[in-house]
Amino acid sequence: MKINSVKLFNFRNFNSAEYFFKPEGNIFYGENGIGKTNLLEAISYFAFGKSFRAKSDSELINFGSPFFRVEGKFELRNQSFDIIIAADKKQKKINLNQIPIKRISELYKYLKVVYFSPGDIDIINLGPSVRRRFFDLAISQFDFLYLELLRKFHKILKQRNALLKSQFSSIEKKSWDDQFIKISVKLVQRRIMYLQEFAPLLCSYYSKIVNQKEPVSLKYSHSIHFDTDDEKELLLQYQSFVRNNSEKEKIYQRTLFGPHLDDYLFMIFDKPAREFASQGQKRTLTISSRLAQANLIGKANGEYPIIMFDDILSELDKTRAENIINMLNNDHQIFIATPNKNLYRSFNLDFIKLDIML
Ligand SMILES: Nc1ncnc2c1ncn2[C@@H]1O[C@H](COP(=O)(O)OP(=O)(O)OP(=O)(O)O)[C@@H](O)[C@H]1O
Ligand SMILES: [Mg+2]
């Protein structure tokens, strides 16, 4: 998959601009605050149907303008696509080849972007919700059905929580319990299956980047102590947990266990990375995770996702940075944003200079 061009109107600091990209990718350079991350944000909007950093679309609208619009052309499975996204403060419209996209998640079937962000270190450093978000997105890009399952799960969770806040009959409760348990086990199973492919890749990328032995591992961590990953066994353990905690859940008026509370445990030398890994080790873990994410998307889709390095490589020494680029399959289109053009002279990508817009 490749992006050929993007046009921006009133998007962030761009009033009106158009960029054309090379199939192998480009390096965006220019001073701090010139709009490099904004440009990556606009391009990746085509993949996610939203910004990778803004909480709402209104942040993306050029100060003083009523709306923004971004248009793009991309290629996927030997087909060309025209995408137009427009949003004002109230609503957004997405058209793909002139056909309106009703649900944002539909976009996940098309373009895939893996964005290496300076904030990725949060995946290790912060709480479980950041890791769940990382894996939910990665698995959705790998397996579209996961996204559907996740949507259904959140709907059922919401309804079960609403029930726990109300006066309910035991028949009603049983029905929501059954639905909740069934979908939770399915979701957890898919996460564990994904990890079975993801974890070995993570380890092999990690060891290639550091060139020495630092054993790392990753495992799924249930929100309550379950000692199994087997589907049937898990179902039984979920059922017994619900039975044993019905009073507690009634008091707390919410669901106290399940995929919405589970975590993923990154380990280094058999110790939790969050507490024991150095800054550089954490950085390498997150880069290796993104590489694993990208690799699995490629395997599942037969086409490799677009890669974005937002000033990530400049923290690393030159050999490490080159190692990382060399690890990527040649089929990835790669975008790099940096204020330091010189660091990337040896890279085989054309530069695009971002300049003050008049
Ligand atoms: N809605 C908006 N309207 C106009 N300008 C905006 C808007 N949102 C952000 N900006 C401007 O965009 C600029 C930041 O752009 P961006 O984050 O892309 O910079 P950058 O080139 O990535 O910089 P750095 O090298 O520091 O990462 C800031 O000058 C900010 O004021
Ligand atoms: Mg930036």
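**Helix packing and the ligand 1 shell**

Modeller: Helix 5 and helix 6 are oblique to each other, where oblique covers angles that are not roughly parallel (under 35 degrees), roughly antiparallel (over 145) or roughly perpendicular (65 to 115). This is a predicted model, in which local features need pLDDT of at least 70 and side-chain atom pairs 80 or more, while totals for chains, interfaces and linings use all residues. Residues are numbered from 1 along each chain as its sequence is written, chains are lettered from A and ligands numbered from 1 in the order in which they are written.

Biologist: At what angle do the axes of helix 5 and helix 6 cross?

Modeller: Helices are DSSP runs of H or I, at least four residues, numbered from the N terminus. Axes are lines fitted to C-alpha atoms over the stretch in contact, with angles from 0 to 180 degrees between N-to-C directions. For helix 5 (residues 170–210) and helix 6 (residues 231–244), the axes come within 10 Å and cross at roughly 140°.

Biologist: Which residues of helix 6 make the contact with helix 5?

Modeller: Two residues are in contact if their C-beta atoms, placed from the backbone, lie within 7 Å. Helix 5 contributes Asp177, Ile181, Ser184, Val185, Val188 and Gln189. Their partners in helix 6 are Glu231, Leu234, Leu235, Tyr238, Gln239 and Val242.

Biologist: Is helix 3 roughly parallel or roughly perpendicular to helix 5?

Modeller: The axes of helix 3 (residues 128–142) and helix 5 come within 11 Å and cross at roughly 80°. In helix 3, Phe135, Ile139 and Phe142 meet Arg190, Arg191 and Tyr194 of helix 5. Helix 3 and helix 5 are therefore roughly perpendicular.

Biologist: How many charged residues are in the contact of helix 3 with helix 9?

Modeller: These helices pack at about 20°, with their axes 8 Å apart, which makes helix 3 roughly parallel to helix 9. Ala138, Gln141 and Phe142 of helix 3 touch Gln293, Leu296, Ile297 and Ala300 of helix 9. Ala, Val, Leu, Ile, Met, Phe, Trp, Tyr, Cys and Pro count as nonpolar, Asp, Glu, Lys and Arg as charged, and the others, Gly among them, as polar. By class the contact has five nonpolar and two polar residues, and the number charged is zero.

Biologist: Which residues come nearest to ligand 1?

Modeller: A residue is near a molecule if its C-beta atom, placed from the backbone, lies within 6 Å of it. Helix 1 (residues 36–48) supplies the largest share of the shell, three residues. Of the 17 residues around ligand 1, the nearest are Asn13, Asn32, Lys36, Thr37 and Asn38.

Note on methods
Helix = DSSP H or I, 4+ residues; strand = E, 2+ residues; numbered from the N terminus.
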